[in-house]
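Student: I am new to this structure and would like a close look at a single part of it. Please begin with the chain as a whole and then work inward.

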Amino acid sequence: MKLTKNLRRFIFLTILISIGVLSLLPPEEVELGDSDKLSHCIAYLVLMVSFGYWKGDFQDTWRRIFVIISYGVLLEFLQGFVPGRVPSLYDGIANSIGVLMGVGILWVYTNK
């Protein structure tokens, strides 16, 4: 089933906003358990894949990688202003690994 470009954009924006909201909720509202870094990685992998699926090509890939990684870094920074939250370098690394894995999936998918 082929989704319209508007629906793909809606999916991407929903994921983007959901990650932002979950990242900035107080810690008692969000419980990731022992798989915290894995959850970060998967969230940003899904975000990157949805971004690539929305855009539909590999133009400006480096800029897209930069934008999504910057979003993750910004959210980690903003967590320092949320009571009970602490910015984490390791979370930022997990986010970035997820983005790169998402690029890999997009590359494999588009180069069949």
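Tutor: The model shown is predicted, and of the 112 residues in its chain, 37% count as buried. The secondary structure consists of four helices and zero strands, so that, read from the N terminus, the order of elements is α-α-α-α. For the overall form, the C-alpha trace spans about 45 × 25 × 25 Å along its principal axes. A compact globule of 112 residues would have a radius of gyration near 13 Å, and because the chain has 14 Å, the two agree. The surface that the chain exposes comes to about 7,300 Å², with 70% of that area supplied by carbon and sulfur atoms. As for contacts inside the chain, take those with a separation of 6 or more: residues 24 or more positions apart account for 77% of them.

The part to examine is the second largest pocket, which holds about 300 Å³ of space. Its lining is made up of 16 residues, and the closest to the pocket centre are Gly52, Tyr53, Leu106, Tyr109 and Thr110. Three helices each supply at least two residues of this lining: helix 2 (36–55), helix 3 (61–78) and helix 4. Helix 4 gives the largest share, five residues. Sorted by class, the residues lining the pocket are eight nonpolar, four polar and four charged. On the method behind such a search, rolling a probe the size of a water molecule over the atoms shows where empty space is left.

Helix 4 also offers a single residue to follow. Ile105 is located in this helix, which covers residues 89–110. Is Ile105 buried, exposed or partly exposed? Its relative accessibility is 43%, and because a residue is buried under 20% and exposed over 50%, Ile105 counts as partly exposed. Leaving aside residues up to four places away in sequence, Ile105 touches Leu45 and Val49. Leu45 lies 60 residues from Ile105 along the chain, yet the C-alpha atoms of Ile105 and Leu45 are separated by 8.8 Å.

To put the pieces side by side: helix 4 contains Ile105, and helix 4 also supplies five residues to the lining of the second largest pocket. Helix 2, which runs over residues 36–55, is among the other contributors to that lining.

Technical notes: Residues numbered from 1 in each chain as written. Predicted model: local features only at pLDDT ≥ 70, side-chain atom pairs only at ≥ 80, totals over all residues. Heavy atoms only, no water. Buried < 20%, exposed > 50% of the residue type's maximum accessible area, 1.4 Å probe, protein only. Contact = heavy atoms within 4.5 Å. 1 Å grid on protein atoms, 1.4 Å probe; cavity = no way out; pocket = protein on both sides within 12 Å on 5 of 7 lines; lining within 4 Å. Points joined across faces, edges and corners; volume = space filled by probe spheres on them. Nonpolar A, V, L, I, M, F, W, Y, C, P; charged D, E, K, R; others polar. Rg over C-alpha atoms; globule rule 2.2 N^0.38 Å. Areas by Shrake-Rupley, 256 points an atom, 1.4 Å probe, with all protein chains shown as cover.
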